[in-house]
Amino acid sequence: MSANRPAAVVVLAAGEGTRMKSKTPKVLHEIAGRSLVGHVVSAARELEPEHLVVVVGHAREQVTAHLDAHYAGTRTAVQYEQNGTGHAVRIALEELEQTPDGTVVVVCGDTPLLSGETLRGLAATHTADANAVTVLTAEVPDATGYGRIVRDEATGAVTAIVEHKDASEAQRAVKEINSGVFAFDGRLLADALGKVRTDNSQGEEYLTDVLSILREAGHRVGASPAGDHREILGINNRVQLAEARTLLNRRLLERAMAAGVTVVDPSSVLVDVTVTFERDAVIHPGTQLLGTTHLGEDAEVGPNSRLKDTRVGRGARVDNTVADSAVIGDGALAGPFAYLRPGTTLGPKAKAGTYVEMKNATIGEGTKVPHLSYVGDATIGDFTNIGAASVFVNYDGEAKHHTTIGSHCRTGSDNMFVAPITIGDGAYTAAGSVITKDVPAGSLAVARGQQRNIEGWVARKRPGSAAAQAAQSTTGASTGES
């Protein structure tokens, strides 16, 4: 291992989180596309620890299943009874079966803003200062309710962590607080945990007691200040969850803007941590980019668009559109008011226009579906135009069927394509047709009744109506009648 690579990282995620008032375990609540514990595990993985152990307890089956599904290789240790943070870390070390020889980092599972960079700084300080334990601290504007860090003025070493209720006036004036994140010498930690007592008001094993045990044994206790105090914020209720989402969202957007993305109004744009961008992409107000969405170079999205797991090609334009698991090709156009459902692929310079819905459809290069249409379970070739108000009738009540339309076709408005059918290259269909049979290449398909005009019908069937009076006025004028 490198000097700063921990032997283990322990994530404490056993609590119930009753203040969330939710059937969902606290650490599984999500912000920016990841669970709270997922954010912490992702940050911890940046240290490349030899072992990563998450301590689970409340709703352990759900939490463990989530970790197995999304963070393969993460180990879990079960804290059947929540008897304190010291007890949780002791269970985690027992899961490793042997005492870690090196640094053990302990983090809380409800701190989604904690970055890998800050954890690396903590590990580096711990190693460089040869500490037995190093506390991640932060300078906060208002330290009310937090444990204060008391340092030796001469050496800077941490002499105590004093809880707010126990602090003197001078200590309460201190703005540096304990984050609850620590780096320990693994062997010293294991030994000290065996000496932690439970003679406190909660009857629990407190991890913070390890600090005094090690200091009294003559070992050095140090501190590593976080660059941004907001990183250490823990989530205990829905208000704090929303506040953390806002802070993380701003961080993600600033990172994107620093990389060359234009965000017109950051206050109205939401992004997930897994969204990626290329330079000169533009994001307009009211846009949500979720999951694994990717914006290509010069792509322009919004306003008022929501894209999930969608790839937007270079120079594509997406306006007032909802897309889920879709591909929008280079130079393609979507919207306004388009709905691209899973399995949709718009080819280069293709168009899904106003009030167009697509699902499981592949649209070729330069092909246009301009407006008021539904395209489902279909393949359309290149440079074809689909007339307005067209419907791909793909469901017979029991099974879905596929429609294939070739390249350079022109289909009329108000067409029904009753699958399964194939329309050959260069074919035309007449407006108002219900197409139920294959159309050969280069053919014109007409599938509608012969028009018949019944003269005088309104006067006979609707006498005295406004329509009859209008008709009488027109026919009278045209015939010269008075």
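In this predicted model, proline 336 sits in the loop between strand 24 (333-334) and strand 25 (339-340), and a cis peptide bond with omega of about 5° joins glycine 335 to this proline. The loop between strand 24 and strand 25 also holds phenylalanine 337, which has a positive phi of about 65° although it is not a glycine. Phenylalanine 337 is partly exposed, at a relative accessible area of 42%, and together with Tyr355 and Leu372 it makes a nonpolar surface patch of about 340 Å². Of these partners, leucine 372 belongs to strand 28.

A cis peptide bond is likewise found from alanine 419 to proline 420, with omega near 5°; here the proline lies in the loop between strand 33 (416-418) and strand 34. A positive phi, about 50°, also occurs at asparagine 360, again not a glycine. Asparagine 360 is placed in strand 27 and is partly exposed, with a relative accessible area of 36%.

Turning to the interior, the largest nonpolar core comprises 55 residues, and Ile328, Leu340, Leu346, Met358 and Val375 have the most contacts inside it. At least two residues of this core come from each of helix 8 (238-258), strand 27 (351-363), strand 28 (368-380) and strand 34 (421-423). Helix 8 is the top contributor, giving 6 residues. Leaving aside residues up to four places away in sequence, valine 375 touches Glu357, Met358, Lys359, Ala361, Ile363, Val369, Ile380 and Phe392. A second, separate core has 33 residues, among them Ala77, Val196, Leu214 and Ala223.

Definitions and conventions
Residues numbered from 1 in each chain as written. Predicted model: local features only at pLDDT ≥ 70, side-chain atom pairs only at ≥ 80, totals over all residues. Heavy atoms only, no water. Core = buried A, V, L, I, M, F, W, Y, C linked by side-chain atoms within 4.5 Å. Buried < 20%, exposed > 50% of the residue type's maximum accessible area, 1.4 Å probe, protein only. Helix = DSSP H or I, 4+ residues; strand = E, 2+ residues; numbered from the N terminus. Contact = heavy atoms within 4.5 Å. Patch = residues over 30% accessible without salt bridge, like charges linked within 9 Å, V, L, I, M, F, W, Y side chains within 5 Å. Areas by Shrake-Rupley, 256 points an atom, 1.4 Å probe, with all protein chains shown as cover. Salt bridge = Lys/Arg side-chain N within 4 Å of Asp/Glu carboxyl O.
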